[in-house]
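Let's take a look at the empty spaces in this protein, and at one acidic residue along the way.

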Amino acid sequence: MPQQVRGVISRAKGEPVELVTINVPDPGPGEAVVSIAACGVCHTDLTYRDGGINDEYPFLLGHEAAGIVESVGEGVDTVAPGDFVVLNWRAVCGKCRACKRGRPWYCFDTHNAKQKMTLEDGTELTPALGIGAFADKTLVAAGQCTKVDPQADPAVVGLLGCGVMAGMGAAMNTGNVGRGDSVAVIGCGGVGDAAIMGARLAGADKIVAIDRDPKKLDWATDLGATHTIDASSTDVVEAVQELTGGFGADVVIDAVGRPETWKQAFYARDLAGTVVLVGVPTPDMTLEMPLVDFFSHGGSLKSSWYGDCLPERDFPMLVSLYQQGRLPLEKFVTERIALTDVEKAFETMHRGEVLRSVVIL
């Protein structure tokens, strides 16, 4: 029988979110019901609320989450009731051409739960990134559940479910940052700061944080940046080149995702360097550059989707490093809030006052 639980939804573009009663069905084949312990407030949730993803309202928001598996459907053998899991929004299929080539992080047929959660009147909900974790419980595909050490703080490790993994993966997986490399990160919000942390973990020698907000540059320094550039008053390309012997950085990560920041990333890298785009552009953005510059600069131009991560490989490893004190993920948790405070958290995030607000259930 479906369970009735609390959930935060968005009914229409730009309107404040609501806390309502939702129906969560029993898990079907390949599905799991997870009791949510904590869920981070990500900018993607705000983008859903404001209509920047699609118009499939009402949305059940929330996706950076950790919790306990309550029940599983037929055929599920990867997780069991009682398992502590971090949720991910890309359950890989294991059958597409990417998976068969041994590159499941590129899976071309990721999936979510087939059944729908609903409002009390039967209206179907669209879960944010196929998760919908601003709720006491949620229904997901079993492949979206990654088991990690149950002793870990759910408010901290749940952030691996989206922004922190996206940033760390952009540096470690997509950018392939190595020992002694120089790295520049443009945009020092949650994703950019996670990229800084990832570059530090990978052994980068010089890590340059670039932003227009002094508070964000302070956060970046605390998380591993060795140098900072205030983009509001300094030419970014010239400043990066000056810090790298006139050559440019080995890896430049654009965590903003605008044409002007991508151009800065392109020209701020070394000739054989790598540009990683992890900030998400809007569909209307275009880029115009001389084609000869692409030819003459060489190197690699990459986009990073979810940090090219493989949750079953990356989540447990990063949780272990956090528990050993080698990865200070707890620094991303600025405040812990109630489910009723999501709208207020959107306002705080929009003002740039937090790295992450985390809902505790």
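Below come a pocket, a cavity and a buried aspartate.

This is a predicted model, where local features need pLDDT of at least 70, side-chain atom pairs count only at pLDDT 80 or more, and totals for chains, interfaces and linings use all residues. Residues are numbered from 1 along each chain as its sequence is written, and side-chain values use heavy atoms, with hydrogens and water left out.

On a 1 Å grid over the protein atoms alone, a cavity is a set of points where a 1.4 Å probe fits but cannot get out, while a pocket is an open set with protein on both sides within 12 Å along at least five of seven lines; lining residues have an atom within 4 Å of a point.

| Space | Volume | Lining by class |
|---|---|---|
| Second largest pocket | about 570 Å³ | 12 nonpolar, 8 polar, 6 charged |
| Largest cavity | about 30 Å³ | 6 nonpolar, no polar, 1 charged |

The second largest pocket has 26 lining residues, and T78, A91, V92, A142 and G143 are the closest to its centre. Strand β10 (145-147) and helix α10 (311-323) each give at least two lining residues, with β10 making the largest share at 3 residues.

As for the cavity, R90, V92, P104, W105, Y306, C309 and P311 line it.

Now for D254, which sits in strand β14 (residues 249-254). D254 is buried (under 20% relative accessible area, 1.4 Å probe, protein chains only). D254 has no salt bridge (a side-chain nitrogen of Lys or Arg within 4 Å of a carboxyl oxygen of Asp or Glu). R258, the nearest side chain of opposite charge, is 8.8 Å away. What D254 does have is a side-chain polar atom 3.3 Å from the backbone nitrogen of W262.

Definitions and conventions: Grid points are joined across faces, edges and corners, and a volume is the space filled by probe spheres set on the points. Helices (H or I, at least four residues) and strands (E, at least two) are DSSP runs, numbered from the N terminus. Ala, Val, Leu, Ile, Met, Phe, Trp, Tyr, Cys and Pro count as nonpolar, Asp, Glu, Lys and Arg as charged, and the others, Gly among them, as polar. Buried means under 20% relative accessible area, exposed over 50%, partly exposed in between (1.4 Å probe, protein chains only). Lys and Arg count as positive and Asp and Glu as negative; His and the chain ends are not counted. A polar contact is a pair of N or O atoms within 3.5 Å; within protein, one must be able to donate a hydrogen and the other to accept it, and residues adjacent in sequence count only if both atoms are side-chain atoms.
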